[in-house]
Amino acid sequence: MSTSLLVAGGLDAATYWSLAFMIAAGLTVVFGMLGFLNAAHTSFYMLAGYVAYTVAGITGSFWAALLVAPVVVAGAGLVLERLLFRRLYTAGHTAQLLLTIGLAYVIAEATKMVWGDSAFAIAPPPLLAGRFTLFGATLPVYHLFIIAAAVGLLGVLFLLLRGTRLGMVIRAAASHPEMVGALGFNVRNVYSLVFLIGLYLAAFAGVVMAPMEGVYPGMADDALVQAFIVVVAGGLGSLPGAFIAAGILGLVQGFGNIFFSGYAVFFPFIVLGAVLLFRPLGLFGVKSA
Amino acid sequence: MTVYERVLQRQRPGAPPASSHGKLAEAGATVLLLGLLAAAPLFTSRATVNDLGQAVCLGLFAISFNIIFKYAGLLSFGHAAFFGFAAYAEALLLQSFGNLPIPLLIFAAAVSAAILGLVVGQVCARREGAYFSMTTLAIGAGLYSVAQKWSAVTGGTDGLDGFMPDSITILPGWQWDSPSISQTYWLVLAILIPSALAAWALLELTAFGNAVRAVRQNEKRTKFLGYDTHHVKLANFTLAAALAGIAGALWAIDNSFVSTDSVDLTFSTTVIIIAFIGGTGWFWGPLIGAVIYIAASDWLSALTPHWQIWLGLAFILLVLFAPGGVAGLVRSGWIKWRGNV
């Protein structure tokens, strides 16, 4: 086993880890704090990819797409939250799943209506387009950017939640909404904000992923399966759990692609099965629902 | 119980103790629906019979989904796994043993789906609520990637076709040479209706059915009464898988084509939509949903290639404002007309 393969596998693993965690983090945070399970979560991820394709086409700049698309998509999500999702926070997971799969269905068709059935590639910005050599492995620079973007974004999120007054209110509202409301905070707006953050993460991931794998009609389903595996294996609602599970999945996918190329697609399911066999509620799951 | 579930409960026929009058109306509706389906080739065109063949297979599939939803209160997100598995099994069986009686081959495919359900159920049936849905989705997706990758057996993305023998054996010594569309349709119904009726009887008339409903209403209490609730749930899950398997096998026969479309995530979603359009509160509701779905897809796809967007929107409105589906609407209309039954 040569060093170059190990390095290449390691970088791939870290890239998958970053993407999987960015997508799953929003899903699991919204579940943990609002009790809302959103099966259309990755539809916003897909939508952001397509919007980014259009924005990049018009402006010719990836950076403009990265700036605009997540904001547009998360904004659209906020409107939906006000109109639809908000009514469902206390309606039970069955109603939430039903409505959000309906929504995912609609978004998938609407995307096909606007952009057609074909896949599109988005060029990475010139600055990140090349390759670099490390221990004999030639690797795309863009993967480094994905990892850096994920670390940066999640770092900001962590600081926001743990280090600011707003973060304190959010955390308090998740566990004691009535008390926080009694103290004069608008809990509904706090919930909307949490929802918005979750969608922004997914949309951001959609744009960042686009230069790597392109945008295609099935990407919402692919990502949904991956995100559900991460969230279930990590324990529903647990952010550290999602972080670890995304890491394990990243490892098996990154190295699996290199050493068992044809069979790597099965590894996430094997990991999920193994986790559930020994920890039925996931790695960090606590019995509640 | 959540607000939504209370709404569902209100719309669910038979949820409040049904009077004998209500039961009679339900039985009448069942006979009418099944009778109309069986007699359809006598008064409709070939194309319609062709569509109905697909609709009844989808309908049985949606009924099997609803066995988990209505009776166990769980939302399966990967139900196409069983349907697709049996469809592939049926195609492969026909390829190798085309001269054996068809009912035997369908039975074998259904058993294979039931075994898959038994294995998968070991993991899924222990889950509740959202965990169940997410686990079934993952398993369904896993099976989909197997079907896609293992192209030596499944034909990959091209799928399998040409597996139907020219002359099919109904029973030993009784063969049909290149059966007509109506003949195939009746063959499908001859297996479909008894299977569905058997499942209905098992759930509505036996102690097993009562146990399944008791677990749904209060698992802890049922456990205290001495029931092994895991095995009750597992048995119900396996029953649903077997029925989905019969639907898949019949689908393979009716279409003479099987592809990864019958195991993918979209198909698992579609069956949920079908079941809800028809109405999950009535055992036969999903069958109505499938007929509506096929009719709508014919009618709408002629108008716009993106007809599924309207289907999705209709589904959202339905879940919000008429969670009982068409069967629920008919029922409340009937109650208004006849007074409270």
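**Exercise 1. Work out how many helices and strands chain B has, and judge its compactness.**

Step 1. Let's count the elements: chain B holds 15 helices and four strands. Helices here are DSSP runs of H or I with at least four residues, strands are runs of E with at least two, and both are numbered from the N terminus.

Step 2. Chain B has a radius of gyration of 20 Å, close to the 20 Å that the globule rule gives for 341 residues, so it is as compact as a globular protein of that length. The radius is taken over C-alpha atoms, and the rule is 2.2 Å times the number of residues to the power 0.38.

Step 3. For the outline, the C-alpha atoms of chain B fill a box of roughly 55 × 45 × 45 Å along the principal axes.

A word on the source: this is a predicted model, in which local features need pLDDT of at least 70 and side-chain atom pairs count only at pLDDT 80 or more, while totals for chains, interfaces and linings use all residues. Residues are numbered from 1 along each chain as its sequence is written, and chains are lettered from A and ligands numbered from 1 in the order in which they are written.

**Exercise 2. Do the same for chain A, and find what share of its residues is buried.**

Step 1. Chain A has 11 helices and two strands, and along the sequence they run α-α-α-α-β-β-α-α-α-α-α-α-α.

Step 2. With a radius of gyration of 19 Å, close to the 19 Å from the globule rule for 289 residues, chain A is as compact as a globular protein of that length.

Step 3. Of the 289 residues of chain A, 48% count as buried (20 or more other C-beta atoms, placed from the backbone, within 10 Å of the residue's own).

**Exercise 3. Compare the span of helix H8 of chain A with its expected span.**

Step 1. H8(A) covers residues 187–213, which is 27 residues. The expected span is 1.5 Å times one less than the number of residues.

Step 2. From first C-alpha to last, H8(A) reaches 39 Å, close to the expected 39 Å.

Step 3. Now look just past the helix: Gly214(A) follows H8(A) and has a positive phi, near 80°.

**Exercise 4. Describe the side of chain A that touches chain B.**

Step 1. The contact takes 33 residues from chain A and 31 residues from chain B (a contact means C-beta atoms, placed from the backbone, within 7 Å).

Step 2. On the chain A side, the elements giving two or more residues are helices H4 (93–115), H9 (219–234) and H11 (267–278).

Step 3. H4(A) gives the most, with 15 residues.

Notes:
Buried ≥ 20, exposed ≤ 12 C-beta atoms within 10 Å, placed from the backbone. Contact = placed C-beta atoms within 7 Å.
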